[in-house]
Structures are given as C-alpha cells and as structure tokens.
Amino acid sequence: MSNKIKIFDTTLRDGEQTPGVSLNIKEKVAIAKQLEILGVDIIEAGFSIASEGDFKAVKAVAETIKNATVASLARALEKDIDAAYESVKKAASPRIHTFIATSDIHMKYKLRMSEDEVLERIKQMINYSKKYVSDVQFSAEDASRSNPIFLYKAYEEAIKAGATTLNIPDTVGYATPEEFGLLVKGIMNNVTGIEKVDVAVHCHNDLGLGVANTLAAMVNGANQLECTINGLGERAGNAALEEIIMTVNTRYDLYPYIHNINSKQLIKSSNLVSKLTGINVQPNKAIVGKNAFAHESGIHQHGVLAEKSTYEIMTPESVGLSQNDMVLGKHSGRHAFSAKLKEMGYTLTKKEIDETFKKFKELADKKKQVLTKDIEALLTDKIYTVEQAYTMDSFQINTGNKLISTATLRLIKDDQVITEAATGDGPIDAAFNAIERCVGFTMSLEEYKITAVTGGKDALGEVNIRVKKDDAYYVGHGVSTDIIEASIKAYINASNRVYQVLSSKE
Ligand code: KIV
Ligand code: ZN
C-alpha cells in the first residue's frame, strides 16, 4: 500500500456553505492561489450549477490554477454535469465531482428513489461525465449511514462506469473513529476494483470528530483526504486541513504518510481565509488559533525558556509563525520594505508596492515600530479585491456624552464628490448613516468586530463587519490607527460589495 496521501481542499465549496459566508470571484481566486502555494492536490472550487456567480468563480479558478486539479461539484444530473464541465474545462487538470445519496433515509425521504434506481443513476451519470473528462470523482452522500452491502454495490457500479476517485463522506458527522475506520476497511476489502481508484474521505465535524475520523480512514486505506482551511463548512464544518497536516507531521511515528503540503504556509492560508470570509478563528483553535503557541502560566514560560520541547510539540516556525519579527520604522527605505514583502510571501506589482509603501510610510510616522502584522493589515486592502466604486475623501464627527453625534462624510464616486451628514446613536452609527445616504441604500449591520493588530496605544485598529442586504451577507474591512476611520473604511468596503451586486442586477 502506498503511503502517499492527496489533499483535496473544499474551502471554496463546502467551506463557502458556512452560514453567512459569501466570497466574490476575485476573493475565490485569491484563496485558490494561496491553496496552490500551500500545495493542495485538488481544489474544489465550487458548485457550478448553484448560481451564475459560482459558475464564474469556478471558471476563473480553473483558468488560473496550474499546479493543482480543479474540481466542480455536480449532483448526479445531466444539467449539473454540463455546468461542471463548462466551468472546469479550461483547467490544466479538470475534475468533475458527482454525487448521489446512498443511505436509506436519504433515498426514501429526499430522493424518493429505490436502490436499483440509484445504482442505475450512478452508472448513467458517471458514463455521462466520462464523455467530458477522464478524471471523475463519485461521492456516495451519507455513506457512513448507508447499508454497507448496498454501498459496496454503489462503488462497484461507479468503478465499472469509469470513476477514478471514490469518496466516502460522513455527511452529517455521525461516525466515530473506530466505526469509520472499519467502514473504510470494509470498502477496501469488499469492493471489486477498488485498487484501481483513489479512495477519499470527507468528514464533517458535528461531534468534533472530523479530523479523528479522517485519520482513522487514512490508516485503513483512504489516500485522498478532504478538508477545509480553519475547518469551515456546513454546520459545524469539515475536518480542518491544518490539523490533519500537523498531526501527520508531528506524529510521523504513528502516521508515516507523505503529502505535498508546505506547512509553513498554514498560518498565511488561515489568515487569508478568515479575513475574506469574515469568520474569526477561535483563539484556542489548534494550530492556527492566536493562543496555539502562547504560553501563559509562569511554569510553562519557565519550561519553554529552559527547553522549548517541554511544552511545545511542534515549532511555531513549522506552521509559518515568525518568531524574529523584523521591525521596520520610519527610516526604512523602499528596498527594505520590498524585501520584507518578499519574505512574507507576497508578490506584488510595482504599482501595488508603491501604494503599500506610501501607506507604510504614513503608518511609520504615527507608530514607532511597524511589525509584520501591521504590514499584513495594510495588505488586506490588496486582497479585499472589490471594485472601489466609492472611496472616502474625508470625514468629520462631532460627538460627546451630552451631544447628539453628527457625522459629515465626503465620498468620491466617478470623480464626483458626494457629501452627506447624519446623526446617530454614537459616532460610528452617525458615520454609517451618513455613508448610507451617500451610497443611496441601507444595510443592516449584523456583526462589528474591532481588534488591535499589535499591542501599544499606537496600534493599528482593524475593523471587520458583516452586513445584510436582501438576504445576502457581505463582509467589510478597514484598518487605521484611528478606530473611527477604520470603521468608516469597513462600512464603505461593505457598501462597495453590495453596490457591485446591485449594479450587476440592473
Ligand atoms: O458532506 C457531503 O456529503 C458532501 C458531498 C457532496 C461530498 O459535501
Ligand atoms: Zn460536505
């Protein structure tokens, strides 16, 4: 048995099914590029039939990515498979991923199909997909709650029809590691032709067992592991990529498996996904949480100072956390700044470097030491890739504990200045109301988060918001040493996202 495992990342498909998450095309491409740098083998870029936006995003990812297979999900229906093919056909390595449920409960209540009808559909739809591409993945949805004897038949049918990867999803996160390991073992031992195909697992995390089930499947023969960055996904999410990889790397004694992931890209991937989806990583999250490498108690600190391995089972550097943060200041030149960007793994155009350097200089004037985190915060404007229809020119706020807060905002759109004033329940509410007057539509603010990027009174404030407009969610992001300015930038950023969608419907 080979010990090479493939990583199938579904952050852009199952991960995007996280409640409240909606990524635009440029953001999906930005995440896909980072997944390519991270070294994933297969990127599931979306569910092409789901919407025009999904279709376009999968197509854009397929046309961009060169070093990973790009897959689109499709139900076992001709129209879904047509859309999946149309979206991935230009990929360097395209895959159609088709699925149908095989559990009694899904077949009876959802599909209203008999076992024989499901087997026939599997045969027909894999044959249909094979007319388009050679690389076809078949998933038996709700496999872990399916009758194993029927499941074996379904997989045999799929192999006969030409599927090249068979996926065993624990769709509702119901399985336990022992049980799931045995299910995979049963499939490996009983399905005729299984040695000809890749065997994948896709574990949801409803009982917090997604990663444990994935590892149990791996030791029983699965060689494609499906996962997402930060464990995003439907309900409680999917198995987290970073946890699977660092378990294999750290416990190589138990899991002697080889993969292509560059673990030093894990933090960067996690940060990017968290910023673009607006879903914060909990501080105590394994591997990528803010506290994952922090030692709080005196005993622990003492131990780590004496010998790191007393309390550290993996190094912060191995996941991409830089211990020696090179500090830049107001005397640092363009050369040192470009070198820092390169070291951080960013490849920017000359124009982007110039713009970011200008922002860096402005920040360095206000803040003595500019750290990696500050530069990352400045760069998020670059990855917040929404068209800037509205930009801020200036703002003025009057506020006080015995005053009604009033904000006057000047925004620019198409070289025109738009000035509006509004009152509100505090300075930020007043500013948001004034922005809504400028852009001409209202949104409801669902979430507002403010964090200091680094320590110190002069730290950059980073504001992340989530707004709702016509049943859809949009994120907004802004940074500044002034938290009111950061909030205004975040609201304008979210307004631009809404504007883009509204104007595309006109
Ligand atoms: O959870 C699941 O079963 C899925 C399939 C479509 C693979 O996401
Ligand atoms: Zn899933």
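Biologist: Which residues lie on the two faces of β5, and are they buried or exposed?
Modeller: Val136, Phe138 and Ala140 are on one side, Gln137, Ser139 and Glu141 on the other, and all are buried. Buried means under 20% relative accessible area, exposed over 50%, partly exposed in between (1.4 Å probe, protein chains only). Strands (E, at least two residues) and helices (H or I, at least four) are DSSP runs, numbered from the N terminus.

Biologist: What kind of model is this, and how are things numbered?
Modeller: This is a predicted model, where local features need pLDDT of at least 70 and side-chain atom pairs count only at pLDDT 80 or more, while totals for chains, interfaces and linings use all residues. Residues are numbered from 1 along each chain as its sequence is written, chains are lettered from A and ligands numbered from 1 in the order in which they are written, and side-chain values use heavy atoms, without hydrogens and water.

Biologist: Which strands pair with β5?
Modeller: β4 (residues 94-101) pairs with β5 in the parallel sense over 6 bridges, and 3 bridges join β5 to β6 (residues 165-170), also parallel. Pairing requires at least two DSSP bridges between two strands.

Biologist: What stands opposite phenylalanine 138 in β6?
Modeller: Leucine 166 does.

Biologist: New topic. Where is histidine 202?
Modeller: Histidine 202 is in strand β7 (residues 198-203). Its relative accessible area is 5%, so histidine 202 is buried.

Biologist: Which side chain does histidine 202 join by a polar contact?
Modeller: That of aspartate 14, at 2.9 Å. A polar contact is a pair of N or O atoms within 3.5 Å; within protein, one must be able to donate a hydrogen and the other to accept it, and residues adjacent in sequence count only if both atoms are side-chain atoms.
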